[in-house]
Amino acid sequence: MGKIKCSELRNKSKDELTKQLDDLKMELAQLRVAKVTGGAASKLSKIRVMRKSIARVHIVMAQKQKKNLRMLYKNKKYKPLDLRPKKTRAIRKALTPHEKSLKTAKEQRRLRAFPMRKFAIKA
């Protein structure tokens, strides 16, 4: 097997990806045996390609899993931390607009006692 493209992997099902991953791992093991026994230089250079191909399959599997989780938690009230938007810590911890608009009992009493003054301007 040669170099694998992620775009090709995305079209495959989970079972096909798992099977391909097993094939790649088997081939990598054979290449490592060839390295120890003094194999050809072409086989040694193929080890890196195999490792990167295995990584690509892992990446696509993880992306598919995360995509399915996003679909599952689409309209739920609570989401797992890794599905929430990252933003910054300050933004995440900031008060919501509703929390900002709330007033204490003392503040409400003061606003009732001393409402905003209305001025009429003479023309």
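This note walks through charges, buried side chains, one backbone angle and one distance in a predicted model.

1. **The positive patch.** Start at the surface. Lys3, Lys5, Arg32, Lys35, Arg48, Arg51 and Lys52 form a positive patch there. Two elements each give two or more residues to this patch: α2 (14-36) and α3 (41-72). Helix α3 supplies the largest share, three residues.

2. **Arg32, a member of the patch.** Arg32 is one of the patch residues. Its place is in helix α2. The relative accessible area of Arg32 is 44%, so this residue is partly exposed. Patch members need over 30% relative accessible area. Arg32, at 44%, fits that requirement.

3. **How many salt bridges are there?** The count is two. One joins Asp23 to Lys19. The other joins Glu27 to Lys46. Both deserve a look in the viewer.

4. **Asp23 and Lys19.** The side chains of these two residues meet with an N to O distance of 3.6 Å. The cut-off for a salt bridge is 4 Å, so the pair qualifies. Both residues sit in helix α2, four residues apart, which means about one helical turn separates them. Their exposure is worth checking too. Asp23 is partly exposed, at 31% relative accessibility. Lys19 is exposed, at 55%.

5. **Glu27 and Lys46.** Here the closest N and O atoms are 3.2 Å apart. Glu27 belongs to helix α2 and Lys46 to helix α3, so this salt bridge ties together parts that lie 19 residues apart in sequence. The contact between the two side chains also counts as a polar contact, again at 3.2 Å.

6. **Is Glu27 buried or exposed?** Glu27 is buried, because its relative accessible area is 16% and the limit for buried is under 20%. Its partner Lys46 is partly exposed, with 31% relative accessibility. A reader tracing this bridge therefore goes from a buried residue in α2 to a partly exposed one in α3.

7. **Ser53 in helix α3.** What does the side chain of Ser53 approach? A polar atom of that side chain lies 2.9 Å from the backbone oxygen of Val49. Ser53 itself is in helix α3. Its relative accessible area is 0%, so Ser53 is buried.

8. **Lys87 and its phi angle.** Most residues other than glycine have a negative phi. Lys87 has a phi near 50 degrees, a positive value in a residue other than glycine. Where does Lys87 lie? Its place is the loop between α3 and α4 (89-93). Lys87 counts as exposed, because its relative accessibility is 54% and exposed means over 50%.

9. **Ala41 and Phe119.** Ala41 lies in helix α3. This residue is exposed, at 59% relative accessibility. Now look from Ala41 to Phe119. Along the chain they are 78 residues apart. Their C-alpha atoms are separated by 91 Å.

10. **Points to revisit.** Helix α3 recurs in this note. Ala41 is in this helix, and so is Ser53. Lys46 is also there, and its salt bridge with Glu27 ties α3 to α2. Helix α2 holds Arg32, and the Asp23 and Lys19 pair also lies within it. Both α2 and α3 give two or more residues to the positive patch.

Note on methods: Residues are numbered from 1 along each chain as its sequence is written. This is a predicted model: local features need pLDDT of at least 70, side-chain atom pairs count only at pLDDT 80 or more; totals for chains, interfaces and linings use all residues. Side-chain values use heavy atoms; hydrogens and water are left out. Patches are made of residues with over 30% relative accessible area and no salt bridge: like charges are joined within 9 Å, nonpolar side chains (Val, Leu, Ile, Met, Phe, Trp, Tyr) within 5 Å. Accessible areas come from the Shrake-Rupley method with a 1.4 Å probe; for residues, only the protein chains shown count as cover. Lys and Arg count as positive and Asp and Glu as negative; His and the chain ends are not counted. The place of a charge is taken as NZ of Lys, CZ of Arg, CG of Asp or CD of Glu. Buried means under 20% relative accessible area, exposed over 50%, partly exposed in between (1.4 Å probe, protein chains only). A polar contact is a pair of N or O atoms within 3.5 Å; within protein, one must be able to donate a hydrogen and the other to accept it, and residues adjacent in sequence count only if both atoms are side-chain atoms.
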